[in-house]
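Hello,

Here is the structure I promised to pass on. Please have a look at it first, and then read my notes below.

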Amino acid sequence: MSVDVVSGVGGSLFAEMRGTLEAERGWQNHLALTRGEWPGELALTTRDVVRMATLEGARTLGMEDRIGSLTPGKQADIVLLKVDTPNLSLINHLPAAVTLSDSENVHTVFVAGLPVKVAGRMLGHDLSSLQENLRASRDRLLTGTPFAPPTT
């Protein structure tokens with residue numbers, strides 16, 4: 001599981017995990033109702049989709065020996081959630097965190113054991129300059145197309 005077209009679908013692995021669970025539930029419900037049965041318990045679990053987004057993603061990249069799980073000898077890539085928000089204030093286990101969280105809940109991120117986001121702020125990046133460069137690049141690429149931004 002990954003997010004590789006953020007211009008079209010956003011960049012939240014939480015949304016991808018949630019969407020995977022929702023799609024599977026819809027399909028399993030459809031199959032059960034087609035058989036004239038009442039939908040039962042979903043075989044795909046939240047733990048399964050977390051594994052898809054972590055260890056299985058690393059395995060797909062051929063990097064499971066370095067990333068994908070908190071294991072001695074691997075990079076320490078860790079995401080800490082801010083849970084004192086309305087959407088997470090009552091969570092007490094992983095399934096709720098996956099089904100209720102989104103990117104705005106990410107408080108702190110460590111990559112290879114080093115902090116890259118702390119208290120909701122990216123470290124080592126001038127986001128204002130980055131956003132301005134991105135807008136300029138977008139505008140340059142779209143100039144002369146029907147999608148060109150309006151000039152003021």
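Within helix 2, the buried residues are Phe14, Met17, Arg18, Leu21 and Ala32. Viewed down the axis of helix 2, these residues fall within an arc of 95°, so they line one face of the helix. Please keep in mind that this is a predicted model.

What do the buried residues of helix 2 pack against? Their partners are helix 3 (46–53), strand 1 (78–81), helix 5 (94–100) and strand 2 (106–111).

As for helix 2 itself, its 22 residues run from 13 to 34 and reach 31 Å between the first and the last C-alpha, close to the expected 32 Å. At the N-terminal end, Ser12 acts as the cap, with a side-chain oxygen 3.2 Å from the backbone nitrogen of Phe14. Just past the other end, Gly36 has a positive phi of about 80°.

Phe14 also belongs to the largest nonpolar core, which has eleven residues, among them Met17, Leu21, Leu42, Val49 and Val109. At least two residues of this core come from each of helix 2, helix 3 and strand 2. One core member, Leu42, touches Leu21, Glu24, Arg25 and Gln28, if neighbours within four places in sequence are left aside.

Is Arg35 buried or exposed? Arg35 sits in the loop between helix 2 and helix 3, and its relative accessible area of 51% makes it exposed, since the cut-off is over 50%. The Arg35 side chain also makes a polar contact with that of Glu37, at 3.1 Å.

Happy to talk it through whenever suits you.

Best wishes

Conventions
Residues numbered from 1 in each chain as written. Predicted model: local features only at pLDDT ≥ 70, side-chain atom pairs only at ≥ 80, totals over all residues. Heavy atoms only, no water. Helix = DSSP H or I, 4+ residues; strand = E, 2+ residues; numbered from the N terminus. Expected span 1.5 Å × (residues − 1). Buried < 20%, exposed > 50% of the residue type's maximum accessible area, 1.4 Å probe, protein only. Arc of directions from axis to C-beta. Contact = heavy atoms within 4.5 Å. Polar contact = N/O pair within 3.5 Å; in protein donor to acceptor, adjacent residues only side chain to side chain. Core = buried A, V, L, I, M, F, W, Y, C linked by side-chain atoms within 4.5 Å.
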